[in-house]
Amino acid sequence: MIKVLFVCLGNICRSPLAEALFNHKIKQTHLAGKVSSDSCGTGDYHIGSQPDKRTIHVATLHQVPIKHACRQLTSQDLSDFDYVMAMDKSNCRNILFLANQPTHHDKVFLMRAFDKLDNHEEVPDPYHGGAKEFQEVYDILNRSLDGFIVFLKERHFPE
Ligand code: 4NP
(Lines give C-alpha, C1' and ligand atoms only; values in the text may rest on other atoms or scores of the structure.)
Protein backbone atom coordinates (compact mmCIF):
# COMPACT_ATOMS: atom_id res chain seq x y z
CA MET A 1 0.00 0.00 0.00
CA ILE A 2 1.31 3.44 -0.99
CA LYS A 3 0.47 5.92 1.79
CA VAL A 4 -0.05 9.61 1.03
CA LEU A 5 -0.39 12.38 3.62
CA PHE A 6 -1.79 15.79 2.67
CA VAL A 7 -0.63 18.61 4.94
CA CYS A 8 -1.75 22.22 5.45
CA LEU A 9 -1.73 24.55 8.45
CA GLY A 10 -5.11 24.07 10.11
CA ASN A 11 -6.21 20.72 8.57
CA ILE A 12 -9.75 22.05 8.19
CA CYS A 13 -9.72 23.75 4.74
CA ARG A 14 -7.17 22.57 2.13
CA SER A 15 -5.72 19.21 3.21
CA PRO A 16 -9.03 17.47 4.13
CA LEU A 17 -10.34 18.54 0.72
CA ALA A 18 -7.19 17.17 -0.95
CA GLU A 19 -7.62 13.87 0.94
CA ALA A 20 -11.32 13.59 0.02
CA LEU A 21 -10.80 14.46 -3.64
CA PHE A 22 -7.76 12.17 -3.93
CA ASN A 23 -9.71 9.22 -2.44
CA HIS A 24 -12.64 9.97 -4.75
CA LYS A 25 -10.38 10.01 -7.84
CA ILE A 26 -8.40 6.91 -6.78
CA LYS A 27 -11.63 4.88 -6.49
CA GLN A 28 -12.14 5.41 -10.23
CA THR A 29 -8.67 4.09 -11.21
CA HIS A 30 -6.78 0.79 -11.13
CA LEU A 31 -4.94 2.19 -8.08
CA ALA A 32 -8.04 1.53 -5.92
CA GLY A 33 -7.04 -0.56 -2.90
CA LYS A 34 -3.33 0.07 -3.60
CA VAL A 35 -3.08 3.69 -2.43
CA SER A 36 -4.45 5.26 0.74
CA SER A 37 -4.43 8.79 2.11
CA ASP A 38 -4.86 10.86 5.24
CA SER A 39 -4.46 14.55 6.07
CA CYS A 40 -3.18 16.62 8.96
CA GLY A 41 -2.10 20.13 9.92
CA THR A 42 1.17 21.58 11.11
CA GLY A 43 -0.80 23.69 13.63
CA ASP A 44 -2.75 22.53 16.66
CA TYR A 45 -5.60 25.08 16.60
CA HIS A 46 -8.41 22.80 15.43
CA ILE A 47 -7.50 19.29 16.67
CA GLY A 48 -10.60 17.07 16.64
CA SER A 49 -12.65 19.46 14.49
CA GLN A 50 -14.57 18.53 11.37
CA PRO A 51 -13.53 20.22 8.09
CA ASP A 52 -14.55 23.88 7.69
CA LYS A 53 -18.19 24.32 6.53
CA ARG A 54 -16.95 26.01 3.33
CA THR A 55 -14.74 23.00 2.52
CA ILE A 56 -17.68 20.64 3.11
CA HIS A 57 -19.83 22.88 0.89
CA VAL A 58 -17.43 22.89 -2.08
CA ALA A 59 -16.81 19.13 -1.77
CA THR A 60 -20.57 18.46 -1.69
CA LEU A 61 -21.09 20.73 -4.69
CA HIS A 62 -18.77 18.43 -6.66
CA GLN A 63 -20.23 15.18 -5.21
CA VAL A 64 -17.04 14.41 -3.31
CA PRO A 65 -17.66 12.57 0.00
CA ILE A 66 -15.73 14.19 2.85
CA LYS A 67 -15.21 13.02 6.42
CA HIS A 68 -12.21 13.87 8.58
CA ALA A 69 -11.29 14.83 12.13
CA CYS A 70 -8.43 17.31 12.35
CA ARG A 71 -5.12 16.06 13.67
CA GLN A 72 -1.64 17.52 13.96
CA LEU A 73 1.44 16.33 12.05
CA THR A 74 3.97 14.28 14.06
CA SER A 75 7.52 13.19 13.27
CA GLN A 76 6.20 9.60 13.18
CA ASP A 77 4.14 10.59 10.10
CA LEU A 78 7.37 11.09 8.19
CA SER A 79 8.26 7.44 8.83
CA ASP A 80 4.74 6.10 8.29
CA PHE A 81 3.87 7.78 4.97
CA ASP A 82 5.48 7.40 1.53
CA TYR A 83 4.44 10.83 0.24
CA VAL A 84 3.95 13.97 2.30
CA MET A 85 2.21 16.62 0.20
CA ALA A 86 2.52 20.22 1.43
CA MET A 87 -0.06 22.79 0.35
CA ASP A 88 2.34 25.74 0.64
CA LYS A 89 5.99 26.58 1.24
CA SER A 90 5.45 27.43 4.89
CA ASN A 91 3.88 23.97 5.45
CA CYS A 92 6.86 22.50 3.62
CA ARG A 93 9.36 24.21 5.95
CA ASN A 94 7.43 23.05 9.03
CA ILE A 95 7.28 19.47 7.72
CA LEU A 96 11.02 19.43 6.98
CA PHE A 97 11.67 20.74 10.50
CA LEU A 98 10.28 17.42 11.81
CA ALA A 99 12.23 15.31 9.31
CA ASN A 100 15.03 13.65 11.23
CA GLN A 101 16.26 11.19 8.59
CA PRO A 102 17.68 12.08 5.17
CA THR A 103 15.16 9.75 3.48
CA HIS A 104 12.29 11.78 4.97
CA HIS A 105 13.24 14.81 2.85
CA ASP A 106 12.69 12.81 -0.34
CA LYS A 107 9.05 12.16 0.64
CA VAL A 108 8.08 15.82 0.88
CA PHE A 109 6.56 17.51 -2.18
CA LEU A 110 4.74 20.75 -2.88
CA MET A 111 1.23 19.83 -4.04
CA ARG A 112 1.36 22.31 -6.90
CA ALA A 113 4.54 20.79 -8.32
CA PHE A 114 2.00 18.50 -10.02
CA ASP A 115 -0.25 21.29 -11.33
CA LYS A 116 0.05 21.19 -15.14
CA LEU A 117 -1.22 24.78 -15.43
CA ASP A 118 1.06 26.46 -12.90
CA ASN A 119 3.56 24.37 -10.99
CA HIS A 120 5.49 27.19 -9.33
CA GLU A 121 2.79 28.33 -6.97
CA GLU A 122 1.15 27.28 -3.72
CA VAL A 123 -2.35 26.13 -2.83
CA PRO A 124 -3.48 29.46 -1.30
CA ASP A 125 -4.85 29.52 2.23
CA PRO A 126 -8.61 30.21 1.82
CA TYR A 127 -9.37 30.58 5.55
CA HIS A 128 -10.01 34.34 5.38
CA GLY A 129 -11.76 34.09 2.01
CA GLY A 130 -15.22 33.06 0.85
CA ALA A 131 -16.86 30.64 -1.57
CA LYS A 132 -14.78 31.99 -4.49
CA GLU A 133 -11.50 31.21 -2.73
CA PHE A 134 -12.68 27.72 -1.74
CA GLN A 135 -13.73 27.02 -5.34
CA GLU A 136 -10.27 28.20 -6.48
CA VAL A 137 -8.65 25.77 -4.01
CA TYR A 138 -10.88 23.00 -5.37
CA ASP A 139 -9.84 23.77 -8.97
CA ILE A 140 -6.14 23.86 -8.06
CA LEU A 141 -6.39 20.58 -6.13
CA ASN A 142 -8.37 18.99 -8.94
CA ARG A 143 -5.56 19.71 -11.44
CA SER A 144 -2.70 18.99 -9.03
CA LEU A 145 -4.16 15.66 -7.92
CA ASP A 146 -4.66 14.57 -11.53
CA GLY A 147 -0.97 15.27 -12.15
CA PHE A 148 0.04 13.50 -8.94
CA ILE A 149 -2.05 10.42 -9.80
CA VAL A 150 -0.39 10.21 -13.24
CA PHE A 151 2.99 10.39 -11.45
CA LEU A 152 1.99 7.59 -9.01
CA LYS A 153 0.72 5.41 -11.85
CA GLU A 154 3.91 5.80 -13.87
CA ARG A 155 6.20 5.32 -10.88
CA HIS A 156 4.46 2.45 -9.07
CA PHE A 157 1.78 0.89 -11.24
CA PRO A 158 2.70 1.02 -14.95
CA GLU A 159 0.00 -0.77 -16.99
P1 4NP B 1 -5.98 25.26 6.20
O2 4NP B 1 -6.60 26.72 6.52
O3 4NP B 1 -4.53 25.34 6.61
O4 4NP B 1 -6.17 25.10 4.75
O5 4NP B 1 -6.80 24.30 7.05
C6 4NP B 1 -6.50 27.34 7.77
C7 4NP B 1 -7.37 26.98 8.78
C8 4NP B 1 -7.28 27.60 10.00
C9 4NP B 1 -6.32 28.58 10.22
C10 4NP B 1 -5.44 28.92 9.20
C11 4NP B 1 -5.53 28.30 7.98
N12 4NP B 1 -6.25 29.24 11.46
O13 4NP B 1 -5.40 30.15 11.62
O14 4NP B 1 -7.01 28.91 12.41
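Start at the ligand and select Cys13: a polar backbone atom of this residue is 2.9 Å from an oxygen atom of the ligand. That pair is a polar contact, meaning N or O atoms within 3.5 Å; within protein, one atom must be able to donate a hydrogen and the other to accept it, and residues adjacent in sequence count only if both atoms are side-chain atoms. The model is predicted: local features need pLDDT of at least 70, side-chain atom pairs count only at pLDDT 80 or more, and totals for chains, interfaces and linings use all residues. Residues are numbered from 1 along each chain as its sequence is written, and side-chain values use heavy atoms, with hydrogens and water left out.

**Stop 1: the ligand shell**

Stay with the ligand. Add Asn11, where a polar backbone atom is 3.2 Å from a ligand oxygen. Then add Asp125. An N or O atom in the side chain of Asp125 is 3.4 Å from an oxygen atom of the ligand. Taken alone, the ligand exposes 350 Å², and the protein buries 89% of that. These areas come from the Shrake-Rupley method with a 1.4 Å probe; for residues, only the protein chains shown count as cover.

Now select the whole shell: Cys8, Leu9, Gly10, Asn11, Ile12, Cys13, Arg14, Tyr45, His46, Asp125 and Tyr127. Each has a heavy atom within 4 Å of the ligand. Colour the shell by type. Six residues are nonpolar, three polar and two charged. Here Ala, Val, Leu, Ile, Met, Phe, Trp, Tyr, Cys and Pro count as nonpolar, Asp, Glu, Lys and Arg as charged, and the others, Gly among them, as polar.

**Stop 2: Asn11**

Return to Asn11, in the loop between β1 and α1. Helices (H or I, at least four residues) and strands (E, at least two) are DSSP runs, numbered from the N terminus. Check the backbone of Asn11: phi is positive, about 60°, although the residue is not a glycine. Is Asn11 buried or exposed? Asn11 counts as buried because its relative accessibility is 0%. Buried means under 20% relative accessible area, exposed over 50%, and partly exposed in between (1.4 Å probe, protein chains only).

**Stop 3: Gly41 and Asn91**

Select Gly41, in strand β2 (residues 35–41). Gly41 has 0% relative accessibility and so counts as buried. Leaving aside neighbours within four places in sequence, Gly41 is in contact (heavy atoms within 4.5 Å) with Cys8, Leu9, Gly10, Asn11, Arg71, Gln72 and Leu73. Draw a line from Gly41 to Cys13: the two are 28 residues apart in sequence and 9.9 Å apart in space, C-alpha to C-alpha.

Next, go to Asn91 in helix α4 (residues 89–98). Asn91 is buried because its relative accessible area is 1%. Beyond four places in sequence, the contacts of Asn91 are Val7, Cys8, Leu9, Arg14, Thr42 and Ala86.

**Stop 4: the nonpolar cores**

A nonpolar core is a set of buried Ala, Val, Leu, Ile, Met, Phe, Trp, Tyr and Cys residues joined through side-chain atoms within 4.5 Å. In soluble globular proteins, nonpolar side chains tend to be buried together. The largest core here has 31 residues; Val4, Phe6, Phe22, Val35, Met111, Leu141 and Phe148 touch the most other members. Elements giving two or more residues to this core are β1 (2–8), α1 (14–27), α2 (53–61), β3 (83–86) and α6 (131–156). Helix α6 supplies the largest share, eight residues.

Zoom in on Leu141. Its contacts, leaving aside neighbours within four places in sequence, are Arg14, Leu17, Ala18, Leu21, Met87, Met111 and Val123. Another core, of twelve residues, lies apart from the 31-residue one; among its members are Val7, Leu78, Ile95 and Ala99.

**Stop 5: Arg112**

Select Arg112, in the loop between β4 (108–110) and α6. Arg112 counts as buried because its relative accessibility is 7%. What does the side chain of Arg112 make a polar contact with? The partner is the side chain of Asp115, at 2.9 Å. A polar atom of the Arg112 side chain also lies 3.0 Å from the backbone oxygen of Glu122. Not counting residues up to four places away in sequence, Arg112 touches Asp118, Asn119, Glu121, Glu122, Val123, Ile140, Arg143 and Ser144.

**Stop 6: the loop after α2**

Finish with the loop between α2 and α3 (75–80), where Lys67 lies. Lys67 counts as exposed because its relative accessibility is 77%. The C-alpha atoms of Lys67 and Pro16 are separated by 8.0 Å, with their positions 51 residues apart along the chain. Gln63 is also found in the loop between α2 and α3. Gln63 has a positive phi of about 55° although it is not a glycine. At 63% relative accessibility, Gln63 counts as exposed.
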